[in-house]
Amino acid sequence: MPRERGKGMGLFGRFMVGLTKCLPRFFVAGVARRYVAGKDVESAVRVMKKLSKEGACFTIDVLGEEISTLDEAQFFIDEYDRVLAAIVENDLDANLSIKPTAFGLLIDEKRAYENIERLLSNAAKNGIFVRLDMEDHRVTQATIDIVLSMHSKGFKNVGTVLQSRLFRTSDDITSMCEKLGPGADFRICKGVYLEDGSISHTDYQPIVDALKNDIDLMLDKGAYVGIASHDYPIINHALSALEKRGMGSGKSDPRSDAAEIRKGKGAGYEFQMLLGVRGNIRRKLSKEGHRTRVYIPYGLRWYEYSMRRLDENPDVATHIVKSLLMPWTNRR
Ligand code: FAD
């Protein structure tokens with residue numbers, strides 16, 4: 001894979017975020033179409049059917065997060081039930097990604113646990129895995145605790161995301177692996193929420209270095225690792241880290257402390273990418289025989305979702321502008 005340098009686009013990103021907010025909604029819709037599968041589950045199914053021809057598997061996200069009343073959680077419960085039905089009906093190689101705050105985590109923890117447990121139970125009937133996306137630092141521990149609690153209740157079809165920008169992440173990996181053993185199943189990423197310097201790395205290189213270390217640590221602890229990055233140094237590192245451990249395309253997982261291959265999973269690892277981002281790398285990895293999963297967001301609240309993502313991390317705006325002006329840097 002080529003290497004890439006030159007980060008730190010914050011100011012330009014902030015300018016672009018301001019500008020985007022002034023643009024008419026239809027224009028933003030045109031841009032968002034690339035990154036959001038559509039308004040309903042049927043649109044998401046159409047996108048997945050197309051991408052499965054490129055060897056991809058999927059994780060499906062119903063757009064939306066932090067709710068203000070528990071009634072709103074019902075929308076997500078019902079919609080994810082529809083997603084489960086669509087996966088089964090269309091025989092898709094797909095699992096779910098959910099945001100715990102959309103299930104009420106910041107309003108009523110007990111109800112959020114009940115809502116999530118119900119979803120896990122429905123998903124487990126068809127051997128479908130549920131990934132808890134990681135939101136901002138307010139819910140890091142609470143999200144980890146949900147996974148630990150659900151495993152202790154016997155649900156093995158659940159795992160979370162850890163964010164390498166947070167200082168705590170390597171400790172979280174170690175302690176979760178100790179508690180879950182071969183059941184530890186992570187997505188590891190940089191983290192999209194720009195957290196305070198007192199709890200997180202804030203510059204590009206330390207984040208990349210931390211992410212490389214976290215991938216190594218997860219692999220050495222026998223965990224299942226979803227490598228979620230479009231960044232060449234990370235992907236290159238992951239490929240050589242796998243090779244060093246006798247893992248990779250066409251190989252079974254040689255780690256004695258790792259889980260058996262489960263339905264919908266690879267041999268100890270997979271690559272994960274966002275819909276619309278660097279499809280050329282994804283297709284290349286897939287062609288080489290690596291399991292590649294595309295994150296498929298859909299839903300009515302695409303505008304609010306896109307604006308929140310831009311506010312949280314203005315670099316996203318820079319990536320989007322770059323891919324519009326220099327399409328060769330990011331092929332769909
Ligand atoms: P970057 O250096 O940011 O990106 C590398 C290159 O990829 C860029 O130069 C650009 O060309 C392209 N690119 C990256 N992002 C975009 C974009 N949005 N639009 C257009 N081009 C882009 N973060 C969380 O905090 N919690 C989560 O639960 C979570 N889940 C994720 C799930 C998946 C499958 C992926 C891929 C990411 C997820 N993230 C999550 C986001 C992640 O933390 C990073 O913010 C994001 O992936 C960008 O980091 P990068 O490693 O791709 O590197």
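**Close-up views of helix H5 and the ligand site**

**View 1. The buried residues of helix H5.** In H5 of this predicted model, the residues Ala112, Tyr113, Asn115, Ile116, Leu119, Leu120 and Ala123 are buried. These buried residues lie on the same side of H5, because they cover an arc of only 165 degrees around the axis. A general rule of helix geometry helps in reading this view. An α-helix has 3.6 residues a turn, so residues three or four places apart point the same way.

**View 2. What covers the buried residues of H5.** Which elements lie over these residues? The cover includes three strands and two helices by name: strand E2 (94-98), strand E3 (130-132) and strand E4 (158-163), together with helix H4 (70-89) and helix H6 (140-152).

**View 3. The length and the N-terminal end of H5.** Helix H5 runs over residues 109-124, which makes 16 residues. At 1.5 Å a residue, H5 should span 22 Å, and the C-alpha atoms at its ends are 22 Å apart, so the two values agree. The N-terminal end of H5 is capped by Asp108. A side-chain oxygen of Asp108 lies 3.2 Å from the backbone nitrogen of Lys110.

**View 4. Polar contacts of the ligand.** Which atoms of Lys190 face an oxygen atom of the ligand at 2.7 Å? The partner is an N or O atom in the side chain of Lys190. With Val192, a polar backbone atom lies 2.9 Å from an oxygen atom of the ligand. For Arg187, a polar side-chain atom is 3.0 Å from a nitrogen atom of the ligand. Taken alone, the ligand exposes 930 Å², and the protein buries 92% of that area.

**View 5. The shell around the ligand.** There are 28 residues around the ligand, and those that come nearest are Met134, Lys190, Gly191, Ser229 and His230. At least two residues of the shell come from each of E4, strand E5 (185-189), strand E7 (269-274) and helix H12 (315-325). Which element gives the most to this shell? Helix H12 does, with four residues.

**View 6. The whole protein, for orientation.** The protein has 12 helices and eight strands. Of its 332 residues, 56% count as buried. Its accessible surface comes to about 14,800 Å², and carbon and sulfur atoms hold 54% of this surface. Among contacts in the protein with a separation of 6 or more, 77% join residues 24 or more positions apart.

Definitions and conventions: Residues numbered from 1 in each chain as written. Predicted model: local features only at pLDDT ≥ 70, side-chain atom pairs only at ≥ 80, totals over all residues. Heavy atoms only, no water. Expected span 1.5 Å × (residues − 1). Buried < 20%, exposed > 50% of the residue type's maximum accessible area, 1.4 Å probe, protein only. Arc of directions from axis to C-beta. Contact = heavy atoms within 4.5 Å. Polar contact = N/O pair within 3.5 Å; in protein donor to acceptor, adjacent residues only side chain to side chain. Near = heavy atom within 4 Å. Areas by Shrake-Rupley, 256 points an atom, 1.4 Å probe, with all protein chains shown as cover.
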